[in-house]
Amino acid sequence: MSWLMIETVALIATVFVLLYYYSKIKLSYWKKYGVKGPKPLPFLGGFKDVLLGKESTTDYFHKVYNEFKDEQMIGVYGGHEPLLILKDLDLIKDVLIKDFSKFAQRTHRSIREIEPLSEHMFRLDAERWRPLRVKLSPFFSSGKLKEMFSLIVDCANTFDNYLEKLAEKGEPVEFQETAAKFTTDMIAACAFSVQSNALTDENSQFRRMGKRALDTNLEQFLTDRLREYPFLFKIFGRLFTDHEVTNFFESSIKEAMDYRIQNNINVKDVIDILADFRQHPEKLNLKEADNLFLAAQAQLFFNAGFFNSSLTISNALYELAWKPEIQEKTREEIQTVLKKYDGKITYDCLTEMKYLASLMLETLRKYPILQWLSRTPMEPYTFSGTKVTIPKDQQVFIPIYSIQRDPEIFPNPEVFDPDRFSEENIKTRHSMSHLPFGDGPRHCSGIRLAKVQLKVAMVTILSKYKVEVCEKTRKVYKTDKRPLFLLQPADGIYLKLTKLASA
């Protein structure tokens, strides 16, 4: 063996040893804080199976949540990145509410040059988020919701016609896509004053782009996994951007804003609010609010408006297909209340459907679309009643999925039981035990709209149709392992749809 080869081998070995010890030092982070957690692997931390696609981030969080039952918090590693999982509900309340001013930042920040449409309200830094939230909040007020309720009912009528055609075919119905067509039409009409025609046109561009924006494909999987290695993400993340989706939203929103401004049109929807921001960026404490920044806000409204609700609707129907007695109880309430309102869906009639409201909350407990929340402190922070002080920018995670499936909080958590959310039972639990919309100042701003959307869809379906399991229905709900933080079924939700004889 030549001296050159020996030197090369020695150099490689030295580099490997140095990297190994560098990794060990990085992975000893939680020891100095006295926070317990699973033993990490060099270079991979605890995310080996996550990086390989064998389990989701939520699966891993859930596993360690149950493994460290008696801990208030758990220290884990995503690659070399230290992550803190909070379990104690009082500490979670401190982070989300009591000490929110110190935790106003989320962990996954926007990086425009890598993800052009990431500068939206969900991922913005606290400084830019605050004024944007304040200015957009009126759109989600109860008064505004009542104003646009007729648009929601119009979409429901179109949805009813669509369901009737599906029932006539007698074939298994994939309800995730079916519900998404309704929610796409609804959010497009209410937020953008646009007819997306997702229920009437199989080639609807809004529906097609909505699917692509949230598609759990290989590119999105790789993008999400690269986030655990910021240096690599900055180099390779931009390679997986879907420019067609970016261009569609940027051009569509720009054209809509241009038309409103040029023709002095104001219908008080999201487009009008964004157009006003473009003309008066000082309202957001910005020098400029360009088209890409405004398109990012519009895409967030659109994606959250159609995707989250459609998944919850299909998940609820999945449970009702397996629980016909709960389905019938819900239907009886719906039909009884509708009779009082001449068979018409009204804003007031929805408020009387208490059992339906409980059913939707139980659906969101068992199937929270957002499986975890994340925050980072804006200064060093000491958790109340502990000796643990974390530094500024430490990533903190709140495992919604695990909390809502904790048997000590919700006995028999795999059992679907809407009575968990009767007014009496809700009072017996900690306020942080059910967080499908988050909590505190940075909670989901569209809660009211989402709840109305869900109820209208369920009333439209259950008042006239019955859902049942069929040969294509999965006996065990299988989640997709690829999404970073959204819970969705791996291969759709297929059910039999039958029109009721009395409808």
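Select Gly-170 to begin: this residue follows helix α7, and its phi is positive, near 70°. The model is a predicted one.

Step back along the chain and select α7 itself, residues 149–169. Its 21 residues should span 30 Å at 1.5 Å a residue, and the end C-alpha atoms lie 31 Å apart, which agrees. Colour the buried positions of α7: Phe-149, Ile-152, Val-153, Cys-155, Ala-156, Phe-159, Asp-160, Tyr-162, Leu-163, Leu-166 and Ala-167.

**The strands β3, β8 and β9**

Go on past Gly-170 and select strand β3, residues 173–174, together with strand β9, residues 494–499. The two run antiparallel and are joined by 2 bridges. Glu-174 has Tyr-494 of β9 as its bridge partner.

Now add strand β8, residues 465–468, which pairs with β9 in the antiparallel sense over 4 bridges. Here Lys-466 stands opposite Thr-498 in β9.

**Arg-331**

Keep Lys-466 displayed and select Arg-331, which touches Lys-466 as well as Leu-462, Tyr-465 and Leu-500, residues up to four places away in sequence not being counted. Arg-331 belongs to helix α15, residues 324–340. Is this arginine buried or exposed? Its relative accessibility is 3%, so Arg-331 counts as buried. Display the backbone of Leu-462 as well: its oxygen lies 2.8 Å from a polar atom of the Arg-331 side chain.

**The largest nonpolar core**

Select Phe-383 and Met-458 next. Within the largest nonpolar core, which has 130 residues, these two touch the most other members. Which helix gives the most to this core? It is α14, residues 291–322, with 18 residues. In soluble globular proteins, nonpolar side chains tend to be buried together.

Centre on Met-458 and show what surrounds it. With neighbours within four places in sequence left aside, Met-458 is in contact with Ile-313, Ala-316, Leu-317, Leu-320, Ile-334, Leu-356, Leu-359, Met-360 and Ser-463. A second core, separate from the other, has 13 residues, including Phe-47, Val-50, Tyr-60 and Leu-484.

**Helix α17**

Among the contacts of Met-458 are Leu-356, Leu-359 and Met-360, and these three are buried residues of α17. Select the whole of α17, residues 354–366. From its first C-alpha to its last, this helix of 13 residues reaches 19 Å, close to the 18 Å expected at 1.5 Å a residue.

Because 11 of its 13 residues are buried, α17 is largely enclosed by the rest of the structure. The buried set also holds polar names to pick out, including Ser-358, Glu-362, Thr-363, Arg-365 and Lys-366. To see what the buried residues of α17 pack against, show α14, α15, α18 (400–404) and α20 (447–462).

**Asn-308**

Move along α14 to Asn-308, which lies in that helix. Asn-308 has a relative accessible area of 30% and is therefore partly exposed. Apart from neighbours within four places in sequence, its contacts are Asn-303 and Ile-369. For a distance across the model, pick the C-alpha atoms of Asn-308 and Lys-69: the two residues are 239 residues apart along the chain, and these atoms are separated by 30 Å.

**The four-stranded sheet and helix α3**

Select β1, β2, β7 and β4. What is the order of the strands in this open sheet? The 4 strands run β1-β2-β7-β4, with mixed pairing. The edge strands, each pairing on one side only, are β1 (73–78) and β4 (373–375). On average, neighbouring strands of the sheet are turned by 30° against each other, direction ignored.

Zoom in on β1 and β2, the latter covering residues 81–86; they pair in the antiparallel sense over 6 bridges. One pair to display is Tyr-77 with its bridge partner in β2, Pro-82.

Then add helix α3, residues 57–67, which lies across β1, β2 and β7 (395–398) and runs at about 145° to β1. End the tour at Thr-57, found in this helix. Thr-57 is buried, with a relative accessible area of 3%. Not counting residues up to four places away in sequence, Thr-57 touches Phe-47, Val-50, Trp-372 and Leu-484. Phe-47, Val-50 and Leu-484 are among the members of the second core.

Key: Residues are numbered from 1 along each chain as its sequence is written. This is a predicted model: local features need pLDDT of at least 70, side-chain atom pairs count only at pLDDT 80 or more; totals for chains, interfaces and linings use all residues. Side-chain values use heavy atoms; hydrogens and water are left out. The expected span of a helix is 1.5 Å times one less than its number of residues. Buried means under 20% relative accessible area, exposed over 50%, partly exposed in between (1.4 Å probe, protein chains only). A nonpolar core is a set of buried Ala, Val, Leu, Ile, Met, Phe, Trp, Tyr and Cys residues joined through side-chain atoms within 4.5 Å. Contact means heavy atoms within 4.5 Å. A polar contact is a pair of N or O atoms within 3.5 Å; within protein, one must be able to donate a hydrogen and the other to accept it, and residues adjacent in sequence count only if both atoms are side-chain atoms. Two strands pair if DSSP finds at least two bridges between them. Axes are lines fitted to C-alpha atoms, for helices over the stretch in contact, and angles run from 0 to 180 degrees between N-to-C directions.
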